[in-house]
Structures are given as structure tokens and as C-alpha cells.
Amino acid sequence: MENSTCSLSDVVEVLDGMFPPATALSGDVVGLTVGDPSASVRRVLMAVDPTLAVVDEAVAGGFDLLVTHHHLLRAGLHAVVPSEPKGAAVLALSEGGVGLYSAHTNADVATGGVNDALAAALGLRDVEPLVEPEGQPLGRVGQLPTETTLEGFAQHLAAVLPGAPVGLRVAGPRDGRVERVAVLGGSGDREFDAVREAGADVYVTADLRHHPVSEFREHGLLAARSGGVDGPFVIDAGHWATESLWLAGAGERLADEVERTTGARPEVLVSTTVTDPWDFTVSTQEG
Ligand SMILES: [Zn+2]
């Protein structure tokens, strides 16, 4: 194999092409966060969150760059000190020679990004944007190859998502009919109107709260009372899990594109660390 390597700036240029920063939604922060652009990059680790455990994994694994979905400094940083988690992460990355880059809402809306990967993993066809904020297609809606029940669909979803302790929370009858599916990886509380307008039978997203889900389900329950069709149903499938599926495909595209432009192919792996903050659940009712 050639001994050539690429620089961090070469990799950043490819990532910026795959996930243009200008397509990030307003107020979002994306791009290179830590690192010397002239540094060499041979190994890249992909992850959803730059938690301290993932930073440790990147440093211990000899990676040169960590690419994450969520930005380390999203809530602002006023001091880089080892006694504060974000400061400790920046210091560990810097001392370990690991760069950090993030693609957040620009990866949500991208072709082949977070939501396309979720739709593809579920086998959806005729996939369209769920909603267009600021001219960018957020979320996806498409058809399952065959109609199924809500319980059958939930089992299918559980099988394609990476394992996390939170599992799935499902709102709707087990035998509810499901064929048209809306997906929005991560927090999807704000798009209930779009889900109804898209004619979806079920909405797969995460971080859902009592009132928005309860009020959304009341529409379906009221329709069923007057002989109409119940729905849409809702599945909260976990923030980390729903935002994990795009990492493998994005990593492969990154390696291909860096090799095409520089002649050096970095090794790109997906983190094995589960960064969902919930560690276990206890059911209060037999499921
Ligand atoms: Zn997210």
C-alpha cells in the first residue's frame, strides 16, 4: 500500500462537500472544532456524540480525527479546564492528537444523511422530504413494501436500529395498520403537523413529551370514534439510535472521496460506544 497520507484540511474539505455548512439550519454550529488543519489523518472515528467515553475511544484507538453528529461546544464554552467535561474533552483531544469535526443539521437534511439512512434501513420506497425548513428537506416519508401492523413495524424498527437501553415507546394499537412511515432522527416534537399533512400512518422520532404526543394521538382516536381511520401512530425510538444509522455509510463515502481527491485512503470506523444517556429501564407494567 502507498505510504501517502492526507491532511486534516483535505478531510475537512471533503466533509464540507458532503455536508455543506451553509445547509445547516440557522443557529446551528458545525464544522471543525478542534485540530491543526496541517496534521496528517490516517484513521477517522465516526460517532453521534463527542462524550468523554467517545473521546477516550478515539485517543486510545489511535484515531487522528473524530467526526460527530452533535457539536461538543453547542451550549458555549467559557473555559478550557480539565475539571469541566467539555474542557476535559478538548484537552484530551488536543493532547491525544485527535481532531474533532461535526456535521449536525447539515447531516440531517443531506442526501444520504441521517434521515435518508433511517428511511433506507426501514426499506421505505418513494421517499420524500417530510417538511422543508429554510429550504432544506428535514425528515423523510415513504412507503413500506407491504402493509403491516404497528406491532410488526415496531419489531422491524427494533431489528434495524442499534441496541440501546431505552428501546422503543409506541403510541397506538398493536394491530393498527401501517404502510406510510415518517421518520425524523433525533428530537421530532415540532413536526407533528407535517406528519399529519404527509398522510403518514406512523411517525418514528425521539425525545417526545407527554402533551404533544397525547394531543396528536387524540386526533386519531377521535377519527376512529366516528368510523374513520385511527392514526398517525407514534414511536419514540431514542435519540442516539435514530441518529446512528447514517454513520457507516457516511464513513464509507468519506474514505472513498478522500481517496479520490488525495490518493490516500483513511481508515474510517464507527464508534462502538453507546452514547444514549439512559442506562437502563424498569417497566412498571407488563408489556
Ligand atoms: Zn441529535
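In the predicted model, A88 is a residue of helix α3, which spans residues 85-95. A88 is buried, because its relative accessible area of 19% is under the 20% limit. Beyond residues up to four places away in sequence, A88 touches L52, V81 and P82. L15 is not among these partners. A88 and L15 stand 73 residues apart in sequence, and their C-alpha atoms are 25 Å apart in space.

One of the contacts of A88, L52, belongs to helix α2, residues 52-60. The axes of α2 and α3 come within 10 Å and cross at roughly 5°. The two helices are therefore roughly parallel, since the angle is under 35 degrees. From α2, the residues that meet α3 are L52, V55 and V59. From α3, the partners are P85, A88, A89, A92 and L93. A88 thus takes part in the meeting of α2 and α3.

V54 also lies in helix α2. Its relative accessibility is 0%, so V54 counts as buried. Apart from neighbours within four places in sequence, V54 is in contact with L45, A47, D49, L66, S271, T273 and T275. V181 is absent from that set. V54 and V181 are 127 residues apart in sequence, with 32 Å between their C-alpha atoms.

A second helix pair involves α1 (residues 8-18) and α10 (residues 246-262). Their axes come within 10 Å and cross at roughly 125°. This angle makes α1 oblique to α10, because 125° falls in none of the ranges for roughly parallel, roughly antiparallel or roughly perpendicular. The contact uses D10, V11, V14, L15 and M18 on the α1 side. On the α10 side it uses A250, R253, L254, E257, V258, T261 and T262. The crossing of α1 and α10 is right-handed. L15, listed here in the contact of α1 with α10, is the residue whose C-alpha atom lies 25 Å from that of A88.

A206 is found in strand β11, residues 202-206. With a relative accessible area of 0%, A206 is buried. Leaving out neighbours within four places in sequence, the contacts of A206 are L184, G186, S187, G188, D236, A237, G238, H239 and T242. V59 of α2 is not in this list. The C-alpha atoms of A206 and V59 are separated by 30 Å, and the two residues are 147 residues apart along the chain.

One contact of A206, H239, is also a donor to the zinc ion. The protein donors are H70 through NE2, H239 through NE2, and E243 through two OE atoms. These atoms lie 2.1 to 2.4 Å from the zinc ion. In sequence, the donor residues follow the spacing H-x168-H-x3-E. Angles among the four donor atoms run from 57 to 137°. The site is irregular. It does not count as tetrahedral, because that would need all angles to lie between 85 and 135 degrees. For four tetrahedral donors, the ideal angle is 109.5 degrees.

Two of the donor residues fall into separate accessibility classes. H239 is partly exposed, with a relative accessible area of 21%. E243 is buried, because its relative accessibility of 2% is under 20%.

Several backbone features were also found. G231 and P232 are joined by a cis peptide bond, with omega at about -5°. P232 sits in the loop between α8 (210-225) and β12 (233-236).

D126 has a positive phi, near 50°, although the residue is not glycine. D126 belongs to strand β7, residues 125-131. Its relative accessible area is 62%, so D126 is exposed. E134 likewise has a positive phi near 50° and is a residue other than glycine. E134 lies in the loop between β7 and β8 (138-149). At 52% relative accessibility, E134 counts as exposed, because the value is over 50%.

Definitions and conventions:
Residues numbered from 1 in each chain as written. Predicted model: local features only at pLDDT ≥ 70, side-chain atom pairs only at ≥ 80, totals over all residues. Heavy atoms only, no water. Donors = N, O, S within 2.8 Å, 3.2 Å for Na, K, Ca; no water. Tetrahedral: all angles 85-135°; square planar, octahedral: opposite > 155°, others 65-115°. Buried < 20%, exposed > 50% of the residue type's maximum accessible area, 1.4 Å probe, protein only. Axes fitted to C-alpha atoms, helices over the stretch in contact; angles between N-to-C directions. Helix = DSSP H or I, 4+ residues; strand = E, 2+ residues; numbered from the N terminus. Parallel < 35°, antiparallel > 145°, perpendicular 65-115°, else oblique. Left-handed = near helix turned anticlockwise from the far one by under 90°. Contact = heavy atoms within 4.5 Å.
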